[in-house]
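Colleague: I am new to this structure and would like a close look at a single part of it, the nonpolar core. Could you take me through what belongs to that part and what surrounds it?

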Amino acid sequence: MAGNLVAATLKGGLFTRVVGRRLLFFQEISSTMDEAARQAAAGTEEGTVVVAENQTAGRGRQGRDWVSRQGNLYLSVVFRPSPHALPFVTILSAVATVRAIRKTTGLEPRIKWPNDIQLDGRKVAGILVESAVQGGVVAYAIAGIGINVNLETDHVRDIAGFATALNAAAGRPVAREEVLRQLLQELDALYLQTAQGGSPLAEWRGLLDTLGQWVRAYSGNETHMGHAEDVDGLGNLLLRLEDGRRITLTAGDVTLHGLER
C-alpha cells in the first residue's frame, strides 16, 4: 500500500494562503470530485483539497471515465469564487498544472483547448470543473485535476497511443509529492491574483497549441470544421468555418487537422 501522499507533501512545506487550508487524503475513493462536492455542500472552507491514491469511478470531461490507478495524482479543490473569478477557474487550473509540471520536471507542456495538458501531442493531464448554484448564485466550484505520473499508458487499452506520463516523458522517476506541492502553490497564487481582479487568460492563451490550426470541433451534438482563430475574454474558442462564418464555442473537444499559422 502506498504511503500518505499528503503527509509527504506537507513534510516538504506548503506555502499557500487559500489552497490547501484543509487537505484530505484517501487511499481509495469513488471520485475526488464527488467527495469535494460533498464537503463543499456541508460548508467546508474554501481551499479544501481532496487527494486520492485510487479512484474507482474517476471521471473526466464530457462524461468520460478517467483511468485512475495507483502512482499518479488525483485531486479536487473547493473554490468559492467571486463572479469575476468563476469563469477563470478552469483556465487558472490549466495554467497552474503546466507551471507545476514545468518547474518539477523541466518539461514544456502545452494545452489543447480547452484544458487538455499535453506533452509532444500526448495527453498527460486533464481538468474538470463543476459548480453548484444555490439561491441564484454560485455556491462553490470544484476543480478536479488528474496527472499521469507513473502510468504505463501503452498498457492501458483505452488511452494507449494518445496519452503519456511524466516519468516516461522525463525519462526518470518524478516525485509526486513535489508535483502536488508545486501544483497547490501555483493554484493558490493564480487564484489569489484572479480574485484580486487579475486574469490568467494571457498566459493560458500563449500555451494553447490549438490556435492557428484547422480543427474539427465537437460541441454537444454538433460538429464543426474550421480555423481556430483565437479565444475571447472568457476563453471561448473563436472558430472560422469553411463558409466564412465565425462562431463561438463555449465548450467541447477539438481534434487537429494540420497547421496553418
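Modeller: In this predicted model, the secondary structure of the protein consists of 6 helices and 12 strands. Of its 261 residues, 54% are buried, and among contacts with a separation of 6 or more, 65% join residues that lie 24 or more positions apart.

With that background, we can turn to the core itself. The largest nonpolar core holds 60 residues, and the members that touch the most others are Leu75, Ile117, Ile147, Leu166, Leu187 and Trp204. Helix α3, which covers residues 89–105, gives the most to this core, contributing 9 residues. In soluble globular proteins, nonpolar side chains tend to be buried together. Helix α3 is largely enclosed by the rest of the structure, because 14 of its 17 residues are buried. From its first C-alpha to its last, α3 reaches 24 Å, which is close to the 24 Å expected at 1.5 Å a residue. After α3 comes Gly106, and the phi of Gly106 is positive, near 80°.

To see one core member in its surroundings, consider Leu75: leaving aside residues up to four places away in sequence, Leu75 touches Thr32, Val49, Val50 and Val51, then Ala143, Gly144 and Ile145, and also Leu180, Leu183 and Leu184. Separate from the core that includes Leu75, there is a second core of 13 residues, among them Ile29, Ala132, Tyr140 and Ile142.

Notes. Residues are numbered from 1 along each chain as its sequence is written. This is a predicted model: local features need pLDDT of at least 70, side-chain atom pairs count only at pLDDT 80 or more; totals for chains, interfaces and linings use all residues. Side-chain values use heavy atoms; hydrogens and water are left out. A nonpolar core is a set of buried Ala, Val, Leu, Ile, Met, Phe, Trp, Tyr and Cys residues joined through side-chain atoms within 4.5 Å. Buried means under 20% relative accessible area, exposed over 50%, partly exposed in between (1.4 Å probe, protein chains only). Helices (H or I, at least four residues) and strands (E, at least two) are DSSP runs, numbered from the N terminus. Contact means heavy atoms within 4.5 Å. The expected span of a helix is 1.5 Å times one less than its number of residues.
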